[in-house]
Amino acid sequence: MAAIGDDIFFGTIAGIGAKLRAKELSCVELTRAFCDRLETRAPRYNALALSLRESALRQARAVDDEIKRGRWRGPLHGIPYAVKDLLSVAGQITTWGAKPYAAQIFNYDATVVGRLNKAGAVLTGKLAMVELAGGGGYRFPAASLQGPGLNPWDRSYWSGGSSSGAGSAVAAGIVPVAIGSETHGSILTPSAYCGVTGLRPTYGLVSRYGAMALSWTLDKLGPMCRSAEDCAHVLQVIAGGDANDPGSAGKRFYFAPQFAQKRTALRVGYAPVDTEEWADATSRDAFRRALDTIRGLGVPMTEVRLPDLPYNLSISTIIKAEAASIFEPLIRTPRIDELADKKQIAGLKAALEVSSLDYLKAMRIRRLVQNEMRNMFANVDLLVSPARFGPATKLTQALDAAGAQTAAPKSRGLRDLGAFGNLCGLPALSLPCGFAGKLPVAISVVGRPFSENTVLALGIEFQKATGWHQMRPAQ
């Protein structure tokens, strides 16, 4: 049997799967090695919520038996994975990252977990997160039951929220596949900060049944992996309609790279001001090179900008109102004060005061944003912008602290693409594109609804031309 080392811990789904099929290693050996790594290394980054070693080894033995009998379920068969601790696993603790729910147990699997298990993937554990996925707003990275998410590239920096454990675990080679969630940046942020590839699917493409709700009309689940191709394989398994999720779009996703639109036929929109003015000075060279790489692929690029609308005010009002309704039973009890972040406690209490008038106004603005989205995508197929405009923040830095920018640029560019994309439920892919000093930075590729194949195709070509996604932090 082959030794299990970094080439496997940092391997792709296809690479690990090939070794399993060739019987160069058994699934039990693979699973045991990843469970060891989860239990010993994830705590270094405050990334471990729960190890599931016993059930994982049972799954692994079943996989080995199937492989011996010549049964192969697909690319994820035998691949270890972990999930953000807002997804239910039957009979196991699901804390939502928060002390008031530290003993919470559900008797059913989330739909995403069930689909991955059916594909033969092996669930090794649950990963830490910001408490209640950041509902109410939080001031410091320490807003988590496990403590602040630590960045594997430098543990004095944040791994990003709210899928903090997922970002750290994939970056550190603790798990090749993690499932995160995004309402307003919680997949793209930790993916960018930790130098991994993260996919936010179109709203409704992936069932949220069995996942903690933060905002019914904004929540999305998606994969965080080593590469864009890995994200595609995972999405094909977890996507699909589900009657248990009222927001389900009832659509499937089939990874079809052979039918991808030719690069020269794509129309990609970007805003020079994003790279030259909005971006942190330490990151601009990396972003410039990323844009040059895309041009070098033969992709036509055109300058665009978002129209002037209150994107962040609208999305924050919607999240506050919906979170207040969801967490009202907690907010109206003394247990709300058990949360780790004082700003978050105050924010959740204040959210009860959001009026129906303000909520409806925000939803009307959302409709205007969606109309503008259709107009924009009449002229381009994809939008490209920094996933975050700089590297990870220091653990000691307050997340609401004013940045070093003294005067905002005159042009909005695509500065609010995160809020814009989430209000419209658009798919987005975070791609590592270089470093600002010792910390990774990333670009995002955003497409129209249900255009995941197009988004992923550009991501795959970008990664073939660069290799930033193959970089590993020091162990």
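This is a short talk on one chain, its overall form, one strand pairing and one helix.

Thanks, everyone. What you see is a predicted model, so please take what I say as values computed from that model. I'll start with the whole chain.

The chain holds 15 helices and 13 strands. Its radius of gyration is 21 Å, and the globule rule gives 23 Å for 475 residues, so the chain is as compact as a globular protein of that length. Along the principal axes, the C-alpha trace spans about 60 × 60 × 45 Å.

Next, burial and contacts. Of the 475 residues, 58% count as buried. If you take the contacts with a separation of 6 or more, 78% of them come from residues 24 or more positions apart. The exposed area of the chain is about 18200 Å², and 51% of that is supplied by carbon and sulfur atoms.

On charge, I count 55 positive and 41 negative side chains. The centres of those two sets lie 2 Å apart.

Now to the strands, and to β12 in particular, which covers residues 428-436. How many of its nine residues are buried? Eight are, so by the cut-off of under 20% relative accessible area the strand is mostly covered.

β12 pairs with two strands that I want to show. One is β7, residues 197-200, which runs antiparallel to β12 and is joined to it by three bridges. Within that pairing, G198 stands opposite S430 of β12.

The other is β13, residues 439-447. Here eight bridges make the connection, and the two strands again run antiparallel. A436 has L439 of β13 as its bridge partner. β12 and β13 form a hairpin with two residues between the strands. Which residue in that hairpin takes a positive phi? That is G437, with a value near 70°.

Last, helix α5, residues 111-118. Its buried residues include T111, V112, V113 and L116. What covers the buried residues of α5? The cover includes four strands and a helix: β2 at 80-84, β3 at 122-127, β6 at 177-182, β8 at 220-225, and α8 at 228-238. Just after α5 comes G120, with a positive phi of about 90°.

To go back over the main points: the chain is as compact as a globular protein of its length, β12 is mostly covered and is joined to β13 by eight bridges, and the cover of the buried residues of α5 includes α8. That's it from me.

Technical notes: Residues numbered from 1 in each chain as written. Predicted model: local features only at pLDDT ≥ 70, side-chain atom pairs only at ≥ 80, totals over all residues. Heavy atoms only, no water. Buried < 20%, exposed > 50% of the residue type's maximum accessible area, 1.4 Å probe, protein only. Pairing = 2+ DSSP bridges. Rg over C-alpha atoms; globule rule 2.2 N^0.38 Å. Contact = heavy atoms within 4.5 Å. Areas by Shrake-Rupley, 256 points an atom, 1.4 Å probe, with all protein chains shown as cover. Lys, Arg positive; Asp, Glu negative; His and termini not counted. Charge placed at Lys NZ, Arg CZ, Asp CG, Glu CD.
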